[in-house]
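Subject: Structure handover

Hello,

Here is the structure I promised to pass on. Please open it first; my notes follow below.

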Amino acid sequence: MTDQTPKKLFIKTYGCQMNVYDSQRMAEAMAAEGYVQTDRADDADMVLLNTCHIREKAAEKLYSDLGRLKPLKGGRPDLKIGVAGCVAQAEGAEIIRRAPQVDLVVGPQSYHNLPAMVRGEAPAVNTEFPAEDKFDHLPQRRATRRAPAAFLTVQEGCDKFCAFCVVPYTRGAEVSRPTARIMAEARDLVARGVREITLLGQNVNGWHGDGAEGFGALIRQLAEIEGLDRIRYTTSHPNDMGDDLITAHRDIPQLMPYLHLPVQSGSDRILKAMNRKHTADQYLRLIDRIRTARPDIMLTSDFIVGFPGETDQDHAATLRLVEQVGFGTAFSFKYSPRPGTPAFGREMVADAVADARLQELQALLDRQQRVAQESMVGRTLGVLFEKPGRMPGQMVGKSDYLHSVFVQAPDVAPGDLLQVRIKASASNSLEGVLT
Ligand code: 5AD
Ligand code: SF4
């Protein structure tokens, strides 16, 4: 710790949960430099934008936010502006050329250099992929009490090279963190009050530890930590759903009955063009095996509509797959061409056609989401309480299936995990009573 008065750090996080986790770790690294976090950009000494590059719109947001920060910097030339995350990785020094108000550009594998960059002791642009684990060079997570649910990165990067996706280029090749580090971080989180851990990775179920161990074995080890009541993981690839992981869903009560398993499309032709390396039928058979192991599991997915070459028949196949599976919730996106990916430059589906398909798919997924949520009414579910609700005496928490649940329970504290009978379903949440 330095002894000067604390400086203020504002971090804005775009995109996925991995970025949320990385932002926390960067805040901890900067805390060691005497920075405290603020939620206002206009009184910060440093503004850090942790960016997402997955779709064009996500990257455009960065430049419009940088435009808004420019006048702030005009009035306060000592304000530092940093760009982190996947746009930083993809565009590097180009960001400073386009937005000269930016002082620092740091890619996701170089966060351990951030303090030295801020001190001016390391180059202002750093987008290297070092061989070692960046987490080894970040400070230990600080000994403060934490919210009851936390993220823990176990794997980064992706070797799958889906034809639409920038991740293999921005996050690099798949790297698994060693078991011992993951176990130590998990034990430390639990010691500080965490009861639920979501294991993160771009291809989290491709985690393979120090050697032959599989992801299911890691979950079994984590489940032995006393006080760790809930385990989740995201995001998975169907081709890495090994037997050990499927049986973990059968055997481990702490592993929540919720699985995000993106399929992207229901058409074999499009799956092939996307380089997904599985068919719709293989996905459906996999879902059958998972549901045999854990019949009450809720499934969620990502979909892309309007991928180059997608016909009405292909789209109909996607709708059919959705009908067959019945998803608890799902994210659907219009294809966005990303420079440097294999599908970039392929002939696009007309925009109006893609829009119409997106609407149709979203309407179906919304209906399924409503059905899934309403099916919770009358059931008794575990709820991990997080914070007070808006009404006096009300507490809100997350169910096993990640729905927000409101309960009238003035004596309940954040971190309590209790059984709740679900009484009603509102638009985006559930209401229940303690059993
Ligand atoms: N266009 C649209 N959606 C994309 N995704 C990834 N790349 C693209 C792209 N170029 C979606 C996929 C992925 C999710 C995180 O984002 O559905 O699963
Ligand atoms: Fe991108 Fe996921 Fe495909 Fe990897 S598996 S390339 S992260 S969509």
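Start with the pair E28 and R25, which are both buried. They form a salt bridge, with the closest N and O atoms 3.6 Å apart. Both residues sit in helix α1 (residues 17-31). They are three residues apart there, about one turn of the helix. The pair is also part of something wider: R25, E28, R177 and E185 are linked in a network of salt bridges.

Keep in mind that this is a predicted model.

**Other salt bridges**

How many salt bridges does a search of the whole structure find? The count is 30. Two further ones deserve a look.

The first on my list is E196 with R230. Their closest N and O atoms are 3.0 Å apart. E196 belongs to strand β10 (residues 196-200) and R230 to strand β11 (residues 230-234), so this salt bridge ties together parts that are 34 residues apart in sequence. Is the pair buried or exposed? E196 is buried, and R230 is buried as well.

Next comes R357 with E310. Here the closest N and O atoms are 2.9 Å apart. R357 is in helix α13 (residues 351-374), while E310 is in the loop between β13 (298-305) and α12 (312-325). The pair therefore ties together parts that are 47 residues apart in sequence. R357 has a relative accessible area of 6%; the cut-off for buried is under 20%, so R357 counts as buried. E310 comes out at 5% relative accessibility, so E310 is buried too.

As background, side chains of opposite charge can pair when their charged atoms come close.

**Ligand 1**

Which residues surround ligand 1? They are I54, R55, F164, Q264, D302, I304, F333, K334, Y335, S336 and R338. By class, five are nonpolar, two polar and four charged. Strands β13 and β14 (329-334) each supply at least two residues of this shell.

Three contacts to check on screen:

- F164: a backbone N or O atom lies 3.0 Å from a nitrogen atom of ligand 1.
- Q264: a polar side-chain atom lies 2.6 Å from an oxygen atom of ligand 1.
- S336: a backbone N or O atom lies 2.7 Å from a nitrogen atom of ligand 1.

How much of ligand 1 does the protein bury? Taken alone, ligand 1 exposes 400 Å², and the protein buries 87% of that.

**Ligand 2**

The residues around ligand 2 are C158, K160, F161, C162, F164, C165, V167, P168, N203, H237 and R276. Seven of them are nonpolar, two polar and two charged. Note F164: it appears in the shell around ligand 1 and in the shell around ligand 2.

**The protein as a whole**

The secondary structure comes to 13 helices and 19 strands. The C-alpha trace spans about 60 × 55 × 45 Å along its principal axes. A compact globule of 435 residues would have a radius of gyration near 22 Å. The protein has 22 Å, so the value agrees with that of a compact globule. Buried residues make up 55% of the 435 residues.

**Where to look**

I would open the view on the network of R25, E28, R177 and E185. Then go to F164, which is among the residues around ligand 1 and also among those around ligand 2.

Best wishes

Definitions and conventions. Residues are numbered from 1 along each chain as its sequence is written. Chains are lettered from A and ligands numbered from 1 in the order in which they are written. This is a predicted model: local features need pLDDT of at least 70, side-chain atom pairs count only at pLDDT 80 or more; totals for chains, interfaces and linings use all residues. Side-chain values use heavy atoms; hydrogens and water are left out. A salt bridge is a side-chain nitrogen of Lys or Arg within 4 Å of a carboxyl oxygen of Asp or Glu. Helices (H or I, at least four residues) and strands (E, at least two) are DSSP runs, numbered from the N terminus. Buried means under 20% relative accessible area, exposed over 50%, partly exposed in between (1.4 Å probe, protein chains only). A residue is near a molecule or strand if one of its heavy atoms lies within 4 Å of it. A polar contact is a pair of N or O atoms within 3.5 Å; within protein, one must be able to donate a hydrogen and the other to accept it, and residues adjacent in sequence count only if both atoms are side-chain atoms. Accessible areas come from the Shrake-Rupley method with a 1.4 Å probe; for residues, only the protein chains shown count as cover. Ala, Val, Leu, Ile, Met, Phe, Trp, Tyr, Cys and Pro count as nonpolar, Asp, Glu, Lys and Arg as charged, and the others, Gly among them, as polar. The radius of gyration is taken over C-alpha atoms; the globule rule is 2.2 Å times the number of residues to the power 0.38.
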